[in-house]
Amino acid sequence: MKAMIAIAMMWSVAWAQQCAVPGEAPRTRPTRVDYRNEVPTDHYALALSWSPQFCNSPAGQNERNRWQCEENAFGFVVHGLWPQSAKAKNYDEHPRNCKAPEMLPRELMRKYLCVIPGAQLMQDEWVKHGTCAWPNAKAYLERVDALYRGLQLPDVDGGVTTAGAIRKRIVSANAKVGLKAEHVQVRVVGGNRFSEVFVCYDKQFRYAACLTPGTPDGIEVRVAGRRRR
């Protein structure tokens with residue numbers, strides 16, 4: 001019964017995303033290249049983080065993430081758009097760091113901070129993942145923005161629910177554009193805390209089945225609540 005009440009509370013009200021763009025993007029450091037893996041891209045995964053969970057973590061409470069976690073109120077945000085290899089047996093076998101690192105122009109980063117709410121994250125995602133499938137950072141970020149804005153992302157705010165209920169909520173909100181359950185993967189971190197979802201695409205950016213199912217639908221998960229401003 002408690003879980004049922006929590007689910008009802010989560011989805012009774014939708015809260016608007018709040019984002020005030022800063023005057024200029026924060027400065028970033030060069031991306032550290034951990035390893036290179038120049039293998040063909042077979043499909044893509046758009047990783048959408050649940051910002052309240054990140055903001056509740058030690059990393060989110062660091063001063064450098066104050067803009068995301070204190071000065072604005074986010075729900076789903078983009079973690080990254082990742083080229084994927086169908087032959088990969090583990091995380092390290094997907095495309096990664098395919099070109100020499102480069103520093104992104106701060107004005108370009110500022111344009112997309114309400115989609116990827118971290119300048120260093122944006123810098124790192126371009127170098128680690130974007131370089132494996134796009135000719136330049138502008139093209140990568142434009143694709144990220146188009147995919148993100150093409151989705152209706154419901155609020156799944158605070159409480160206890162199941163992975164399947166979250167997936168069903170997202171699929172229902174996007175049924176008219178052809179999104180199905182097999183196109184969405186729910187992911188959790190320690191303690192079954194809801195962390196993010198993957199939306200999967202083929203090479204033409206049509207929805208495609210994810211290679212792995214993610215968190216099973218019946219698993220009970222805890223969802224961090226959003227800040228109210």
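Two residues are in contact when heavy atoms of theirs lie within 4.5 Å. Keep that cut-off in mind for the predicted model shown above.

Start with Pro40. Pro40 sits in the loop between helix H1 (2–10) and strand S1. Setting aside its neighbours within four places in sequence, Pro40 is in contact with Gln84, Ser85 and Pro95. Exposed means over 50% relative accessible area. Pro40 has 62% relative accessibility, so it counts as exposed. Against Ile219, the separation is 179 residues in sequence and 34 Å in space, C-alpha to C-alpha.

Gln84, one of the contacts of Pro40, leads on to a pocket. Gln84 is among the residues closest to the centre of the second largest pocket. The others named there are His94, Arg187, Phe198 and Thr212. In total, 22 residues line this pocket, and its space comes to about 360 Å³. Four strands each supply at least two residues of its lining: S1 (43–50), S2, S4 (184–189) and S5 (193–201). S2 gives the most, with three residues. By character, the lining of the second largest pocket divides into 11 nonpolar, eight polar and three charged residues.

Now turn to the largest pocket. Its volume is about 800 Å³. Its lining has 28 residues, and the closest to the centre are Phe54, Asn65, Gly118, Gln120 and Leu121. Which elements each supply at least two residues of the lining? They are helix H3 (66–69), strand S2 (76–84) and helix H5 (119–128). H5 provides the largest share, six residues. The lining of the largest pocket divides into 12 nonpolar, eight polar and eight charged residues. S2 thus appears in both accounts: it supplies at least two residues to the largest pocket and three to the second largest.

Two of the central residues of the largest pocket deserve a closer look. Gln120 lies in helix H5, and Leu121 is found in H5 too. Are they buried or exposed, or partly exposed? Buried means under 20% relative accessible area. Gln120 is at 17%, so it counts as buried. Leu121 has a relative accessible area of 29% and is therefore partly exposed.

Their contacts can be listed with residues up to four places away in sequence left out. Gln120 touches Thr28, Arg29 and Thr31. Leu121 touches Val78, His79 and Ile116. Val78 and His79 fall within the range of S2 (76–84). Distances along the chain and in space can be read together here. Gln120 and Tyr207 are 87 residues apart along the chain, and their C-alpha atoms are separated by 28 Å. For Leu121 and Met109, 12 residues apart along the chain, the C-alpha separation is 10 Å.

Last comes helix H6, residues 137–149. Why should its 13 residues span 18 Å? The expected span is 1.5 Å times one less than the number of residues. The end C-alpha atoms of H6 are 18 Å apart, so the model agrees with that expectation.

The buried residues of H6 are Ala137, Tyr140, Leu141, Val144, Asp145, Leu147 and Tyr148. Seen down the helix axis, they fall within an arc of 170°, so they line one face of H6. What do these buried residues pack against? Their partners are S1, S2, helix H4 (106–111), H5 and S5. H5 is a familiar name by now: it also gives the largest share of the lining of the largest pocket.

Definitions and conventions
Residues numbered from 1 in each chain as written. Predicted model: local features only at pLDDT ≥ 70, side-chain atom pairs only at ≥ 80, totals over all residues. Heavy atoms only, no water. 1 Å grid on protein atoms, 1.4 Å probe; cavity = no way out; pocket = protein on both sides within 12 Å on 5 of 7 lines; lining within 4 Å. Points joined across faces, edges and corners; volume = space filled by probe spheres on them. Nonpolar A, V, L, I, M, F, W, Y, C, P; charged D, E, K, R; others polar. Buried < 20%, exposed > 50% of the residue type's maximum accessible area, 1.4 Å probe, protein only. Arc of directions from axis to C-beta.
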